[in-house]
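Thanks for sharing this one. Here are my notes on how the helices pack and on the space left inside.

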Amino acid sequence: DNISQMNTAPLDLNTLVERCVRDREPDARNKCITLKFSPAPESLRMSGDRVQLVRALDALIENAIAFSPKGATVEITTRSDSERAQVLVRDEGEGIAPDVLPHIFERFYRGDPARGSDNGGMGLGLAYTKRIAELHSGHIRVLNTLFQGTTFQPDLPLNADPVAASGA
């Protein structure tokens, strides 16, 4: 897997997220789920690997669709302060059990039946998403309320060059 190979270029995070949301619309419609995108009013310019960021965002949106009940709304929001941008992907699913939460970013981890681990995933999406955020000098937070949904929030630097992948 070439996840450590970074091909960075200037990009606008709002535009990238909007494309990911549009690409996932058919999946959402098939499950009677509404995708609601609320972009930050300002431009979110950063340096990043477009392919890897799309991969990470797609994984978060796909998970939100998979773990939301029929008729739910998945909210995708971008926002920023002067130095960092956040993408919030919020589902209306059952949430993640407290004993499972510490493990969700581990490769191949699929241990929470409440999160629908029979959805065909291999347990790699969140591990990749975390690694991609880190390669962009960022991180990812999880805001979770059992039975009320989960929000995944990648946090990325604006106008900064990602650090070269050092195997860290």
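At what angle do the axes of helix 1 and helix 2 cross? Please keep in mind throughout that this is a predicted model.

1. **Helix 1 against helix 2.** The axes of helix 1 (residues 13-30) and helix 2 cross at roughly 40° and come within 9 Å. That angle makes helix 1 oblique to helix 2, because oblique covers whatever is neither roughly parallel (under 35 degrees), roughly antiparallel (over 145) nor roughly perpendicular (65 to 115). The crossing of these two helices is right-handed.

2. **Who touches whom there.** Helix 1 brings Leu16, Val17, Arg19, Cys20, Val21, Arg24, Asp27 and Ala28 to the contact, while helix 2 answers with Arg50, Leu53, Val54, Leu57, Asp58, Ile61, Glu62 and Ile65. By character, the residues of this contact are 10 nonpolar and six charged, with no polar ones.

3. **Helix 2 against helix 3.** Helix 2 (residues 50-66) also packs on helix 3 (residues 125-135), at an angle of about 140° and with the axes 9 Å apart. Helix 2 is therefore oblique to helix 3 as well. Here the crossing is left-handed.

4. **The residues of that second contact.** From helix 2 come Gln52, Leu53, Arg55, Ala56, Ala59, Leu60 and Asn63, and from helix 3 come Gly125, Leu126, Tyr128, Thr129 and Ile132. The contact of helix 2 with helix 3 divides into seven nonpolar, four polar and one charged. Leu53 is worth a look on your screen: this residue is listed in the contact with helix 3 and also in the contact with helix 1.

5. **The enclosed space.** How many cavities of 30 Å³ or more does a search of the whole structure find? The search finds one. The largest cavity holds about 70 Å³ of space.

6. **What lines the cavity.** The lining is made of Leu53, Ala56, Leu57, Val87, Thr129, Ile132, Ala133, Pro154 and Leu156. Helix 2, helix 3 and strand 7 (149-157) each supply at least two of these residues. Eight of the lining residues are nonpolar and one is polar, with no charged residue.

7. **Tying the points together.** Leu53, Ala56, Thr129 and Ile132 belong to the contact of helix 2 with helix 3, and these four residues are also among those lining the cavity. Leu57, another lining residue, takes part in the contact of helix 1 with helix 2.

Conventions: Residues are numbered from 1 along each chain as its sequence is written. This is a predicted model: local features need pLDDT of at least 70, side-chain atom pairs count only at pLDDT 80 or more; totals for chains, interfaces and linings use all residues. Side-chain values use heavy atoms; hydrogens and water are left out. Axes are lines fitted to C-alpha atoms, for helices over the stretch in contact, and angles run from 0 to 180 degrees between N-to-C directions. Helices (H or I, at least four residues) and strands (E, at least two) are DSSP runs, numbered from the N terminus. A crossing is left-handed if the near helix is turned anticlockwise from the far one by less than a right angle, and right-handed if clockwise. Contact means heavy atoms within 4.5 Å. Ala, Val, Leu, Ile, Met, Phe, Trp, Tyr, Cys and Pro count as nonpolar, Asp, Glu, Lys and Arg as charged, and the others, Gly among them, as polar. On a 1 Å grid over the protein atoms alone, a cavity is a set of points where a 1.4 Å probe fits but cannot get out, and a pocket is an open set with protein on both sides within 12 Å along at least five of seven lines; lining residues have an atom within 4 Å of a point. Grid points are joined across faces, edges and corners, and a volume is the space filled by probe spheres set on the points.
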